[in-house]
Amino acid sequence: MRHARRFLPALPAAGALALVLLVPVLAALTPRSGPVAVLARPGAGAAEAARIVAAAGGLLVRSGRFDALLIAASDEPGFARRLYAAGAWLVVHPALAGPCAPSPTPTDPPPR
């Protein structure tokens, strides 16, 4: 137990480092068209996530497994950029949202 206490202060730093390394990779994988998974800030509710999508001129496709995650789409170019400008923390292809994204329903349009 004594050894575990020495590593506890390093956990936030390790998490921050992982985030710093992961975010640019995920941003490079931002889809150029089709539906996207939109993640609002942690602690944001569904209303905040929906506000981000609406402000970016998108349409809600379906909700995610938690409130701050929505699947959205827009036919207008630059949708991902507008989502970030409206306050999205992360915009990725729905498949990259992993277990946080809902499974597709039969009525969902196929990805482009």
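**Figure 1. Confidence along the chain, from helix α1 to helix α3.** Confidence bottoms out in helix α1 (residues 2–7), where the mean is 55. The top spot goes to α3, at 95. This is a predicted model, so keep those scores handy while you look around. Over the chain as a whole, pLDDT averages 78, and 70% of the residues score at least 70.

**Figure 2. Strand β1 and its two partners, β3 and β4.** Start with β1, which covers residues 36–39. It runs antiparallel to β3 (residues 69–73), and four bridges join the two. To find your way along this pairing, look for Ala 37, whose bridge partner in β3 is Ile 71. β1 also pairs with β4 (residues 90–92), again in the antiparallel sense, this time over three bridges. Here the residue to look for is Val 38, which has Val 91 as its bridge partner in β4.

**Figure 3. The buried side of helix α4.** Helix α4 takes in residues 79–86, and four of its residues are buried: Phe 79, Ala 80, Leu 83 and Ala 86. They sit on the same side of α4, because the arc they cover around the axis is only 125 degrees. What do the buried residues of α4 pack against? Their contacts are with strands β1, β3 and β4, plus helix α3 (46–55).

**Figure 4. The other face of α4, and what follows the helix.** Turned away from the buried side of α4 is a face that carries Arg 81 and Ala 85, both exposed. Just after the helix comes Gly 87. Check its backbone here: phi is positive, near 120 degrees.

**Figure 5. A salt bridge within helix α3.** The salt-bridge count comes to one, and this is the pair: Glu 48 and Arg 51, with their closest N and O atoms 3.0 Å apart. Both residues belong to α3 and lie three residues apart, about one turn of the helix. Why does that spacing suit a pair of side chains? An α-helix has 3.6 residues a turn, so residues three or four places apart point the same way. Are the two partners buried or exposed? Each falls in between: Glu 48 is partly exposed, with a relative accessible area of 26%, and Arg 51 is partly exposed too, at 39%.

How values were computed. Residues numbered from 1 in each chain as written. Predicted model: local features only at pLDDT ≥ 70, side-chain atom pairs only at ≥ 80, totals over all residues. Heavy atoms only, no water. Pairing = 2+ DSSP bridges. Buried < 20%, exposed > 50% of the residue type's maximum accessible area, 1.4 Å probe, protein only. Arc of directions from axis to C-beta. Contact = heavy atoms within 4.5 Å. Salt bridge = Lys/Arg side-chain N within 4 Å of Asp/Glu carboxyl O. pLDDT = per-residue confidence, 0-100.
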